[in-house]
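Visitor: Please give me a close look at the largest pocket, and explain each term as it comes up. Which residues lie nearest its centre?

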Amino acid sequence: VFIDEEEIVELDFGQMTPRILYGWAEVTPAGEDLYQVPGFEEHRAGIKQVFNAMVFSTKRLSRMPQGVRKSFLKEHSVEQVMSQVEKVHAPIAGYFFVGAGHRAQFIESTILVDVLLELKELGVTALPIHDAILVPRSKAVTARSTMLQAFRRHTGIEGVVSIEEGEALG
């Protein structure tokens, strides 16, 4: 895949929702991967889904979100998972079960629009995909820097941006 006759790279924001919540709480998150929860290290995908359900819900979950049960062992209850997430993320626990998810999504989209507009001003062609962008390989450093600056401006904390190249994009 090419942009401006050059191979592309994908730059992807990592863990945007929890990082936005930490920004609202004005707390620097502990750890690099906010979906890694002690006791559930092998269940990251499920933790991410439960975490996001907790952020969008206006009440405690009474069961695993649809399709998530398979991400955990049979003995893992939704209450055990939620309690561990709340413990690990105590600084942002006040954003669980109050319907904060749509507000966080709005911030996410605002950040991405700012990134696209800033890159356009710099003459960098960028194509958005959810919380990621595609840019020519030679523009990856500029794009990553722009993404991190925009995230910090909107949240007050550092973001995480990964770069994926080559055949994984093809």
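Guide: Helices (H or I, at least four residues) and strands (E, at least two) are DSSP runs, numbered from the N terminus. The model is predicted, so local features need pLDDT of at least 70 and side-chain atom pairs count only at pLDDT 80 or more, while totals for chains, interfaces and linings use all residues. Residues are numbered from 1 along each chain as its sequence is written, and side-chain values use heavy atoms, with hydrogens and water left out.

By these terms the chain has five helices and five strands, which follow one another along the sequence as β-β-α-α-α-α-β-β-α-β. Taken along the principal axes, the box filled by its C-alpha atoms is roughly 50 × 35 × 25 Å.

Now to the pocket itself (on a 1 Å grid over the protein atoms alone, an open set of points where a 1.4 Å probe fits, with protein on both sides within 12 Å along at least five of seven lines; lining residues have an atom within 4 Å of a point). The largest pocket holds about 250 Å³ of space. Its lining consists of 14 residues, and those nearest the centre are Thr-17, Tyr-35, Lys-48, Glu-108 and Asp-131. At least two lining residues come from each of β2 (6-13), α1, α2 and α4 (101-121), and the largest share, four residues, is supplied by α2. Sorted by chemistry, the lining has four nonpolar, five polar and five charged residues, where Asp, Glu, Lys and Arg count as charged, Ala, Val, Leu, Ile, Met, Phe, Trp, Tyr, Cys and Pro as nonpolar, and the others, Gly among them, as polar.

Tyr-35, one of the residues nearest the pocket's centre, also belongs to an aromatic cluster with Phe-51, Phe-96 and Phe-97. The structure holds six aromatic pairs (ring centres within 6.5 Å; planes under 30 degrees apart are stacked, over 60 edge-to-face, the rest tilted). In one of these pairs, Phe-40 and Phe-72 meet edge-to-face, at 6.0 Å centre to centre and with 80° between the planes. This pair links distant parts of the chain, since Phe-40 sits in the loop between α1 (16-25) and α2 (44-56), whereas Phe-72 sits 32 residues away in the loop between α2 and α3 (78-88). Phe-40 and Phe-72 are both buried (under 20% relative accessible area with a 1.4 Å probe, protein chains only), and buried residues make up 44% of the 170 residues in the chain.

Note on methods:
Buried < 20%, exposed > 50% of the residue type's maximum accessible area, 1.4 Å probe, protein only. Points joined across faces, edges and corners; volume = space filled by probe spheres on them.
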